[in-house]
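Colleague: Thanks for sitting down with me over this one. I would like to go through the model piece by piece, with the reasoning spelled out.

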Amino acid sequence: MKTHARRLNALMDTRRLELGLRWKGVVERAGITHQTLLQLRKGQAVADFTVSRVEQALEWAPGSIARIMEGGDPHPTSSDASAEDEGEDRLDGPIADLLDDGESLTWWQTPLGRTYRLESATPGYAVEAGFGANEQPEDVIDDLRQLLESTLAQAEVLAKRRSGGRRARRP
């Protein structure tokens with residue numbers, strides 16, 4: 001396990017340098033503390049939400065850190081990675097007509113099926129979800145849109161709560 005943790009730390013370090021970031025930049029992008037990042041880099045247990053935020057900060061696909069800890073490799077999600085290099089498929093032809101303007105859909109195989117990523121026409125918003133191996137892109141688009149709409153609604157609630165620079169009080 002220590003070997004995987006050392007490898008995770010090395011891969012995270014390489015990735016942050018590829019992105020032109022210092023560790024402080026990773027912390028800021030992920031919205032976590034330096035201490036929490038250090039725990040993750042050492043292979044110590046942290047919340048799943050934290051792992052997800054760090055993967056986003058490093059522009060890695062969800063599950064990348066788990067793959068590293070199991071001896072695999074991370075999957076970048078940055079726009080400079082080609083679909084062919086990452087083993088992803090993208091829509092074109094008649095299925096692409098199912099997408100709204102500004103949306104994009106990518107997917108990749110996982111041991112449990114496929115993970116699909118729907119990027120919104122609203123910059124910076126995307127959702128990813130796992131589906132069974134037989135699920136086809138045309139079958140999951142509506143489900144992903146509902147998930148995306150819910151995510152956008154939650155983001156709007158959080159933004160309203162944070163407006164004015166104070167946190168909402170709990171009843």
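Modeller: Happy to! First, a term we will need: helices are DSSP runs of H or I with at least four residues, strands are runs of E with at least two, and both are numbered from the N terminus. Please keep in mind that this is a predicted model.

Colleague: In what order do the elements run from the N terminus on?

Modeller: There are seven helices and four strands to place. Reading from the N terminus, the order is α-α-α-α-α-α-β-β-β-β-α.

Colleague: And what share of the residues is buried?

Modeller: Buried here means a relative accessible area under 20%. The protein has 171 residues, and the buried share of them is 35%.

Colleague: How much of the exposed area do carbon and sulfur atoms supply?

Modeller: The protein exposes about 11100 Å². Of that area, the part supplied by carbon and sulfur atoms is 48%.

Colleague: Let's turn to α1. What span should its residues have at 1.5 Å a residue?

Modeller: Helix α1 covers residues 2-18, which makes 17 residues. Its end C-alpha atoms lie 24 Å apart, and this agrees with the expected span, which is also 24 Å.

Colleague: How wide an arc do the buried residues of α1 cover around the axis?

Modeller: The buried residues of α1 are Ala5, Leu8, Met12, Arg15 and Arg16. They sit on the same side of α1, because the arc they cover around the axis is only 95°.

Colleague: Which exposed residues does the face turned away from that buried side carry?

Modeller: On the buried side, the cover includes α2 (23-30), α3 (34-41), α4 (48-57) and α5. The face of α1 turned away from it carries the exposed Thr3, Arg6, Leu17 and Glu18.

Colleague: Which residue with a positive phi follows α1?

Modeller: By the DSSP runs above, α1 is a helix, and what we want is a residue that follows it. Its phi is near 70°, and the residue is Gly20.

Colleague: How are α1 and α3 oriented to each other?

Modeller: Ala5, Leu8, Asn9 and Met12 in α1 meet Leu37, Leu40 and Arg41 in α3. The two axes are 8 Å apart and the packing angle is about 125°. With that angle, α1 and α3 are therefore oblique.

Colleague: How are α2 and α3 oriented to each other?

Modeller: Here Trp23, Lys24, Val26 and Val27 in α2 meet His34, Leu37 and Arg41 in α3. The axes come within 10 Å and cross at roughly 105°. Angles of 65 to 115 degrees have their own class, so α2 and α3 are roughly perpendicular.

Colleague: What is notable about the phi of Glu59, and near what value is it?

Modeller: Glu59 lies in the loop between α4 and α5, and it is partly exposed at a relative accessible area of 22%. Most residues other than glycine have a negative phi. Glu59 is a residue other than glycine with a positive phi, near 55°.

Colleague: Is Ser64 buried or exposed?

Modeller: Ser64 belongs to helix α5. Beyond its neighbours within four places in sequence, Ser64 is in contact with Glu55, Pro74 and His75. Its relative accessibility is 0%, so Ser64 counts as buried.

Colleague: Pro74 appears there. Which residues does Pro74 touch, not counting residues up to four places away in sequence?

Modeller: Pro74 is in the loop between α5 (64-69) and α6 (83-86), and it is buried because its relative accessible area is 18%. Ala61 is 13 residues from Pro74 in sequence and 7.2 Å from it in space, C-alpha to C-alpha. The residues Pro74 touches are Leu11, Trp60, Ser64 and Ile68.

Colleague: On to α7. Which elements do its buried residues pack against?

Modeller: Helix α7 (residues 137-162) reaches 36 Å from its first C-alpha to its last, close to the expected 38 Å. Its buried residues are Pro137, Val140, Ile141, Leu144, Arg145 and Leu148. They pack against β2 (104-110), β3 (113-119) and β4 (126-131).

Colleague: One last loop residue: what is the relative accessibility of Ser120?

Modeller: Ser120 is in the loop between β3 and β4. Outside its neighbours within four places in sequence, it is in contact with Gly102, Tyr125, Leu148 and Leu152. Ser120 counts as buried because its relative accessibility is 13%.

Methods:
Residues numbered from 1 in each chain as written. Predicted model: local features only at pLDDT ≥ 70, side-chain atom pairs only at ≥ 80, totals over all residues. Heavy atoms only, no water. Expected span 1.5 Å × (residues − 1). Buried < 20%, exposed > 50% of the residue type's maximum accessible area, 1.4 Å probe, protein only. Contact = heavy atoms within 4.5 Å. Areas by Shrake-Rupley, 256 points an atom, 1.4 Å probe, with all protein chains shown as cover. Arc of directions from axis to C-beta. Axes fitted to C-alpha atoms, helices over the stretch in contact; angles between N-to-C directions. Parallel < 35°, antiparallel > 145°, perpendicular 65-115°, else oblique.
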